[in-house]
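Hi everyone, thanks for making time this morning. Let me put the model up, and then we can walk through how it is packed inside.

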Amino acid sequence: MNILTKKNKWAAINIIGIAIAFAGVFFASSYIKHELSFDKFHAKADQIYRLNIDKPGKVGFMQSPDNVSTASLNAHYIKDLYDKFPGIEQIVLMVKPFNYTVKVEEEIFRLDNSYYTDHSFFTLFDFKLIKGNKEGLFHNPNEIAISKKSALKYFGSIDVIGKELTLKGEFDRNGGTIYTVKGVFDDYPSNSHMQPDMLLSSNLETLRNPYGHAFTYLLLHPDVKPDQLELSLNKHWKENVAEEEVSPTFKLMNLRDIHLKSHKKDELGSNGTIKTIWVIMSGALIILLITMINYFNLTTVQLNSDLNNLKIKVINGANLLDLSLSQIKKSSIQISLAIIIGSILSFIFNRFIEFKFIIKNEGVLFTLLVMCFIVVFGAISLLPLYTRKISSNLSNQKEEGSKKFIISLVCQFTLSIVALVLTIVLNQQISKIKNFHPGKDKESIITITEFPYAAISTFDLFKEKALKHPEILMISSTMMPPGTTPDFVYPFEMEGIDRSENNTISINSVDQEFFKLFDIQALAGDLNLKSGSSFIWESAAISPNKEAAIKNINNLDPSYRNFKEQYILNESASKKLGFTNPQDAIGKQFKYNFISQTYFKQGEIVAVIKDLHYADMFSEEKAEVIGLKRIFNSTFLVKIDKNNTSKALKNLQETWSQMYPDHPMKYEFLSDSYFKIYRNQYNEMKALTLFSILSILLSILGMYALSSYSIQHKTKEIGIRKANGASSLEIMLQLITEYVVWVAMAFVIASPIAFYAADDWLKSFAYRIDLSWWIFAFAGIIAILIAIITVSWQTYNAARKDPVYALKYE
Amino acid sequence: MIKVENLSKVFRTEEVETTALNNVNLEIKEGEFVAIMGPSGCGKSTLLNILGMLDSPTHGKYHFCDNEVSSLKEKLRNTFRKGNINFVFQSFNLIDELSVYKNVELPLKYLRYDLGKKKKRVLEMLDRMKIGHRRNHYPQQLSGGQQQRVAIARAIAPNPKLLLADEPTGNLDSKTGLEVMNLLSELNAEGTTIVMVTHSERDAEFAHRVIRLFDGEVTMESTKKELTQIEY
């Protein structure tokens, strides 16, 4: 009965271990396969490249900070592609309409995930047209191809060919343009970097509008080397910009690489990273290795316990093949059962981690993995049989001791400690992220973006109306949505600093309430700001023509002109400008030389604040001067009562639709805005946390099994020690110490590996946590505690064993 | 030193009740060398285990150095045993993973000897048992006689008042067995009380007194003088 129980215990441990490993590996490989399969479904994928701007230039008025690289190009750079580079066989432009609405019957929606393009789109990219005629698409203006999902959303059916929708841009005065549905395409698969809801017909001239930006996809001739073409493209533009201008650096990105390798400012979707794949793969590999070690150890232990039976079989004529077949029979039952449980577990993992891909239609991968698991674990189950010769001589063979398992135990714990350290580091960095950006309570701040210009001009009125609702606590505005950095970099003049064209600084803009809303204190100066320029004054002053602007300003009522320009520096700017003490910057005269020279008047530096960290943690904070300019402020920030979120949101939306009925409000919680930026890091953290917990769980199972085997082997030794005066406590401490020493050894091996891996992961952040010693110590202590808890009960029982029984044990 | 009154030991399983010792009475004085003899299963080892406080009796009293110890809990038994009683077993019971030195050091470690004193004592014991040159070897590298000498060195290292030997020559050839018995006699001559379980009449001759057990009961006690008169 006892033997049966023990065997069942080993079998249960094996099944649980393999099930967890199968679930982890299946989950990880589905995810990795999905990530690596992006855009491969396009037949011409290997020849399709997107032309990106890797480093912005300074051409005409297009000047961006150095770290802003974009996926789309200004049309200025597109026109030469058509006739100067014969290796380019086809060009497809996709232009994103800005601030458009779509009207279906009487209902108005925001137009998101939609692009203007021409017929060439349908010859370059693969897609499945469910309704309509592919050849006839987009040869005429005002045609639309709509995704299945959108057809169902707008019309409730996919039989929509010939139906009409009205598209209206914010400056359309004629009620919008009617588009006719000419095609319905199947929703793009989840492994497509673009997920268009609607494609709108346009012509080349419109797409090459000199003020627009287009995502530019090139079909290269099979003989063209992309590196060579990239060099020629860069050379061409370098030679074709004015002497004082700097041409941008262009980069060709293969369609299949976009998802994992491209992280530009204006990507079409949320891209992944190779690092995430590495993290998830490592996690799954750790689990697989630990399980393999456990399985090998437990099979060896089982073989040891079964040695006498095996010998009797040999005496009675069994050969190695017979023993192997019997072993395979036993192990295949365990492996099969484990795979069934593992398959169910993988769905649970997916649900826990909430990755946006679905483990289904993975029949081939599943079958392949099942076969691999059967072969690998089947082979492992035979290993002990082949590494140890079973002889019929009953007297010459002893059960193997437990020492040979030490190495595997140390390996397991090394892997677990590495996983644990990385999990702590990732969690620490994520918690740093949470507190890094402005806004203590990010669930109570709403950002409103992509609104019509009219909303900027009537901001005060909107604010007044919205604030009548007590759940809406504060409203402010700023230049950029959270997670982004301002694009404007221009020269400035400052008291005490020589004027130089090369002396440039980024400009940001906020309104009076901004610092209160985020609870930001001044490092020096005063953040109780005056109201600044009025919308009327700014409209007059923004003209790039200086004379016209001065004339416009002079025509205004003097009351609009009598405001004082106020500038605020961030800490980086204060340092860049040479102030070691921020207080010294206060009161200094400053003027920002924007492209429209009258827009910023000369004014005073009124305050210095700590760096805002409004963008992301991946790049260093820029030196930034902050002004109060209404026209720049294309993001509204609304602080609401978090205990009354739904009411606040409802009232905010009502106020918005009363004021701007043609433009549905696009809003997002601040917490979600930042979550999107770090989506990959959150995914890595969640997956690694799960894998780390599992690896520890598996190591516990392994240690439990091995320690029970090893302690059983020590029964007689325990008796001898007791006969020589050892107390139960001393025995227990001695047994526990052995395991603690092994885990400590694992800790010593794991620490440098974990340090290297964690340091490498953190490298992508400009602002990162310190890899302090306590993280490693904490992981080590946890591992040791786990070891102590795992073996305590068994050592307690062993130490309390009757010495008379223990001494008789063989 | 030892006084046992009406001592019984009953082993109970779910189905069977076995009386290993039945109303045993005996007394052993300090400095005595007593042999316990009897057929297999008569309760010799059980009696030795109780005398060594590895086990406790079901009934009866056991006085060790005027202390009643039969009803003591394991922890207290261990305290009494430590340093006062030690064992020599038929199968030597050395720890395979420990060197000869470490094996001998074992009881001293649990008695918290300081390092210098411990080392001195271990080396002294090893020299005495003529096994000092093998101190860094492991038990498997030694012959049976050498292993038993290590076991005796370990047993006498803490200078116990009582040495309990369970078939100490059972696994040895006659020559080596004789050497071991001579060693035990020497120890006894130096004042160590010895109680030895044995099947060997020859070994029993080294004892001052022989107690014979049968089915858990003392059937005969004879002194050395009486013993030599018995004809086999």
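Let's begin in the interior: the largest nonpolar core has 99 residues, and B:I2, B:L47, B:Y62 and B:F64 are the ones that touch the most other members. By a nonpolar core I mean a set of buried Ala, Val, Leu, Ile, Met, Phe, Trp, Tyr and Cys residues joined through side-chain atoms within 4.5 Å. Buried is under 20% relative accessible area, exposed is over 50%, and partly exposed is in between, with a 1.4 Å probe and protein chains only. Helix α13 of chain A, residues 404-436, gives this core its largest share, 16 residues.

A quick word on the ground rules: this is a predicted model, so to speak of local features we need pLDDT of at least 70, side-chain atom pairs count only at pLDDT 80 or more, and totals for chains, interfaces and linings use all residues. Residues are numbered from 1 along each chain as its sequence is written, chains are lettered from A and ligands numbered from 1 in the order in which they are written, and side-chain values use heavy atoms, leaving out hydrogens and water.

Which residues does B:L47 touch, leaving aside its neighbours within four places in sequence? They are B:L7, B:L21, B:V24, B:L26, B:I36 and B:L213, where contact means heavy atoms within 4.5 Å. Apart from this core lies another one, of 73 residues, with A:I568, A:L569, A:V606 and A:Y614 among them.

Now to the sheets of chain B. Helices (H or I, at least four residues) and strands (E, at least two) are DSSP runs numbered from the N terminus, and two strands pair if DSSP finds at least two bridges between them. Four strands, in the order β2-β1-β4-β5, make an open antiparallel sheet in chain B. Its edge strands, each pairing on one side only, are β2 (17-28) and β5 (67-68) of chain B. Helix α1 of chain B, residues 44-51, packs on that sheet and touches β1, β2 and β4, at about 120 degrees to the direction of β1(B). Axes here are lines fitted to C-alpha atoms, for helices over the stretch in contact, and angles run from 0 to 180 degrees between N-to-C directions. Between β1 (residues 2-12) and β4 (residues 59-64) of chain B there are five bridges, and B:V4 stands opposite B:Y62.

The other sheet is open too, with six strands of chain B in the order β6-β7-β8-β3-β9-β10 and mixed pairing. At its edges are β6 (85-89) and β10 (217-223) of chain B. Within it, β3 (residues 33-37) and β8 (residues 193-197) of chain B run parallel, joined by four bridges, and B:F33 stands opposite B:I194. Here α1(B) comes back: it packs on this sheet as well, touching β3, β6, β7 (162-166), β8 and β9 (209-214) of chain B.

Last, the rings. There are 62 aromatic pairs over all chains; rings of Phe, Tyr and Trp (its six-membered ring) pair if their centres lie within 6.5 Å, with planes under 30 degrees apart stacked, over 60 edge-to-face and the rest tilted. A:F462 and A:W656 have ring centres 5.3 Å apart and planes at 90 degrees, so they are edge-to-face. A:F462 is in α15 and A:W656 in α21 of chain A, so this pair ties together parts 194 residues apart in sequence. Both A:F462 and A:W656 are buried. B:Y62 and B:F64, from the core we began with, are edge-to-face because their planes are at 65 degrees, with centres 6.5 Å apart.
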